[in-house]
Amino acid sequence: MTTSPAPARELVLKVRDLSVTFSTSRGEVEAVRNVSLDVAAGETLAIVGESGSGKSTLVACVNRLLADNGRISGGTIMLDDLDLTAASEKRMTAIRGNRIGLVPQDPMTNLNPVMKIGAQIVEALEVHGLAKGQAARTEAVRLLGEAGISDAEARFHQYPHEFSGGMRQRVLIAMALACRPEVLLADEPTSALDVTVQRLVLDQMGQLASELGAAVLLITHDLALAAERADRVAVMYRGEIVETGPAAELIADPQHEYTRRLLAAAPGMAGAKVASVRPAAENLLEMTGAIKRYRIRGRRDPFLAVDNVDLVIPRGQTVAIVGESGSGKSTTARLALRLEDADGGSVRYRGTDISTLRGKELMAFRRSVQPVFQNPYGSLDPRYTIGQVVAEPLRVHKIGDAATRRKAVTELLDQVALPASFADRYPHELSGGQRQRVAIARALALNPELVVMDEAVSALDVLVQEQILDLMVSLQEELGLSYLFISHDLAVVRLVAHQVYVMNAGQIVESGDPDTIFRSPREEYTKQLIAAIPGHTLTAA
């Protein structure tokens with residue numbers, strides 16, 4: 001398909017006939033083939049496509065940060081009049097972070113865990129000669145506030161592990177915008193963010209593009225976000241651009257079959273529910289008056305992360321918690337998993353207070369309640385093959401022998417739409433979405449009663465997300481599984497949940513069935529969450 005040109009503005013980034021080849025144990029793999037695109041000053045071009053389509057590889061090429069086994073095998077990448085494919089490493093070091101800003105997908109592995117947040121931003125400012133000393137510290141605090149982090153003065157002195165996933169991503173955005181780059185590469189920059197912060201961040205990116213003339217290359221699997229935020233959209237499939245054009249036109253009248261598939265799979269507020277109606281059942285987990293406090297560096301009083309929360313998960317149902325980053329959703333999930341002990345109230349599983357469990361009883365609880373965490377990059381051991389990762393719970397709980405475990409791994413991979421051959425691969429050989437499917441397979445290995453899914457589909461493209469949501473529902477119907485589903489994606493929550501709890505500042509502010517909450521929300525906070533959903537005005541119509 002012919003690539004449509006950028007608007008009649010100065011072209012900042014010009015990619016022509018770009019091809020990328022990786023050397024693997026299975027031979028040469030061409031991950032990107034003959035890709036051409038333009039991004040003009042002040043323009044946002046969104047690239048959408050499923051996991052593994054080549055989107056992030058394209059971004060890595062622009063910044064010349066391909067993996068060691070990858071090479072640009074053809075084409076050019078022009079930044080103004082400079083061919084980046086021919087630039088020296090010394091030249092690229094000067095360009096990265098200065099002329100080209102990057103907001104990467106994974107916030108935890110891109111922040112130094114032993115450096116305070118403020119020091120990392122100060123370092124970025126000083127390296128590029130923007131500010132030094134006290135001026136750099138003042139600017140760093142300002143950037144944190146601009147990125148939507150409250151109490152920026154205190155947060156300046158904290159470490160990455162003291163931030164939620166969404167807050168860590170906002171730090172990376174602050175660092176990327178610090179140098180006011182000509183090109184901003186945003187690789188799934190809001191996949192870890194709740195919808196209200198997502199709107200704030202994307203507003204800032206749009207303002208940057210408008211005021212400073214920066215060209216924004218936005219990589220996303222969220223078609224509604226792409227349609228709402230980009231001037232143009234390019235659809236990528238198996239390493240090629242198969243369709244591109246103005247965002248509104250492409251979404252309204254897609255020409256390529258793959259684009260139509262992506263649109264059909266995207267969840268919307270008016271989409272068909274996949275969760276079946278289920279009658280009230282006995283309660284599997286009950287949280288009553290739960291309280292959790294944390295001591296935070298730089299603050300005298302403890303931070304109240306969970307404040308008198310009451311929550312019930314009936315057997316065989318999906319209960320969702322929605323709310324902004326830092327609202328207490330993930331802490332509530334950790335209490336349910338007994339990864340944290342409540343400071344007040346109780347968490348009861350099958351009528352037993354889980355804080356009293358010890359020895360074999362605690363092991364049995366761990367087997368019955370399994371997690372799937374938010375970060376598919378940090379939750380898989382890089383030293384293990386995928387087969388070893390999935391089989392690990394079986395080994396720990398001494399279930400089966402080597403042969404039966406291998407068979408179980410094959411069946412579990414098939415359940416999450418991965419081929420059996422993946423058992424011999426390592427996590428670094430998989431895309432983010434593929435890694436998350438592995439994490440889900442691992443959680444299912446012990447046939448749990450309750451699966452706690454903490455933003456478990458936020459890293460997945462819409463096609464894989466659709467498969468996982470359908471899988472969740474089919475397993476629930478087949479096995480009677482219960483889910484605690486933590487998400488900032490209200491459109492997804494509406495599709496799968498039987499009961500929704502809206503959380504704000506550690507408290508449950510509203511609860512009920514999803515259709516009632518999303519069509520007739522009582523609380524102003526809930527209304528704000530719904531209004532911030534990308535494409536809400538279209539999908540809710």
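The chat below goes through the two domains, a few single residues and the salt bridges of a predicted model.

User: Before I start, what kind of model is this, and how are residues numbered?

Analyst: This is a predicted model, in which local features need pLDDT of at least 70 and side-chain atom pairs count only at pLDDT 80 or more, while totals for chains, interfaces and linings use all residues. Residues are numbered from 1 along each chain as its sequence is written, and side-chain values use heavy atoms, with hydrogens and water left out.

User: Ok, which domains does the protein have?

Analyst: The domain assignment gives domain 1 (1–99 + 214–265) and domain 2 (283–540), with bounds that come from an automatic or database domain assignment. The C-alpha centres of domain 1 and domain 2 are 33 Å apart.

User: How many residues of each are in contact, and how much area do they bury?

Analyst: In domain 1, 17 residues are in contact with 16 residues of domain 2, where contact means heavy atoms within 4.5 Å. Between them, domain 1 and domain 2 bury about 1200 Å², 55% of it on carbon and sulfur atoms; buried area is the accessible area (1.4 Å probe) that two parts lose on being put together, summed over both. Of the area that domain 1 buries against domain 2, Ser51, His221 and Ala265 supply 46%, more than any other three residues.

User: And how many salt bridges are there between domain 1 and domain 2?

Analyst: The count between domain 1 and domain 2 is zero salt bridges, a salt bridge being a side-chain nitrogen of Lys or Arg within 4 Å of a carboxyl oxygen of Asp or Glu.

User: Which elements of domain 1 give two or more residues to the side that touches domain 2?

Analyst: Those elements are α8 (223–229) and α10 (257–265), and α10 gives the most, with five residues. Helices (H or I, at least four residues) and strands (E, at least two) are DSSP runs, numbered from the N terminus.

User: Staying with α10, which salt bridge joins arginine 260 to another residue?

Analyst: The side chains of arginine 260 and glutamate 257 meet in a salt bridge, at 3.2 Å from N to O. Both residues lie in helix α10, three residues apart, about one turn of the helix.

User: What about a pair that is further along the sequence, like arginine 33 and glutamate 240?

Analyst: Arginine 33 forms a salt bridge with glutamate 240, and their closest N and O atoms are 3.5 Å apart. Because arginine 33 lies in strand β2 (residues 27–40) and glutamate 240 in strand β10, the pair ties together parts that are 207 residues apart in sequence.

User: Switching topic, is valine 457 buried or exposed?

Analyst: Valine 457 counts as buried because its relative accessibility is 4%; buried means under 20% relative accessible area, exposed over 50%, and partly exposed in between (1.4 Å probe, protein chains only). Valine 457 lies in the loop between β17 (450–454) and α16 (462–479), and, not counting residues up to four places away in sequence, it touches Gln465, Ile468, Leu469, Phe485 and Val492.

User: What is the phi of arginine 238, and where does that residue lie?

Analyst: Arginine 238 has a positive phi of about 50 degrees although it is not a glycine, and its place is in the loop between β9 (232–237) and β10 (240–246). Most residues other than glycine have a negative phi. With 58% relative accessibility, arginine 238 counts as exposed.
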